[in-house]
Amino acid sequence: MFNLDLYPQLQEFLYTDFFNTDSLPHIFYKTLFAMIAGFGFAYALHPPKKVCFGIIIVAGLGYFIRSILLQSPIFSLAGASFCAALCMGFAAMLLAKYKKVPAEVIVFPALLPMFPGSYGYRSILSLLTFTQHADDPEQITYLLTFFNNITTMLSVSLSLVAGVLAIFIIFHEQSFTMTRGATKISIYQVLRELRKIRKHKQK
């Protein structure tokens, strides 16, 4: 049976706020890992190779902007995420125009490291702990922690999506001209390549 008391490291993880930090080197350190994560998601989604570096830059830019905004008492995590998503969407539109690719190809892989997965993990841990402490007076604390984490995760996720969608709506007409001038591939070329692959497999 799962008992959180036997795992003090998990308890520390459960109550640690990973986003609020006053150390600028720590912000750069986490931004670097966000860029690495952006590259990992980009590699998994197989975008054009010419935009991989742009995805890394946009991912790092968004995480850095959110971390800086969180130093201000004005912004919550959701508000800072919304502003960062706006900047990421705008940067993706500029890169998409330059690289002749759809903006979604750049912004979606870069946006994935911004989602607060740690709050999702902590909500699961809180729920498991809540179910294991049926007669514990602190049971209500774990339940409140669960709702706090799940609410934060959902609000930040919606803020990220809303920020990017706002940019796409503002530049809706420009998005149709992003791929203008790019090399076009006809359906005949696609079918010919598929036949070559099929013949190669038969051999």
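These legends go with three close-up views of a predicted model. Local features need pLDDT of at least 70, side-chain atom pairs count only at pLDDT 80 or more, and totals for chains, interfaces and linings use all residues. Residues are numbered from 1 along each chain as its sequence is written, and side-chain values use heavy atoms, with hydrogens and water left out.

**View 1. Helix 2 from end to end.** Helix 2 covers residues 24-45; helices are DSSP runs (H or I, at least four residues), numbered from the N terminus. Its 22 residues should span 32 Å at 1.5 Å a residue, and its end C-alpha atoms are 31 Å apart, which agrees. The expected span is 1.5 Å times one less than the number of residues. Just after helix 2 comes H46, with a positive phi near 55°.

**View 2. The two sides of helix 2.** Here you can find the buried residues I27, K30, T31, A34, G38 and A42 (buried means under 20% relative accessible area, exposed over 50%, with a 1.4 Å probe and protein chains only). Seen down the axis of helix 2, these buried residues fall within an arc of 125°, so they line one face; the arc is taken from the directions from the helix axis to the C-beta atoms. They pack against helix 3 (52-69) and helix 5 (103-111). On the other side of helix 2, P25, Y43 and A44 are exposed.

**View 3. T152 and its surroundings.** T152 sits in helix 7 (residues 139-170). T152 counts as buried because its relative accessibility is 16%. A polar atom of the T152 side chain lies 2.8 Å from the backbone oxygen of N148. Leaving aside neighbours within four places in sequence, T152 is in contact (heavy atoms within 4.5 Å) with L77 and Y119.

Technical notes
Helices (H or I, at least four residues) and strands (E, at least two) are DSSP runs, numbered from the N terminus. A polar contact is a pair of N or O atoms within 3.5 Å; within protein, one must be able to donate a hydrogen and the other to accept it, and residues adjacent in sequence count only if both atoms are side-chain atoms.
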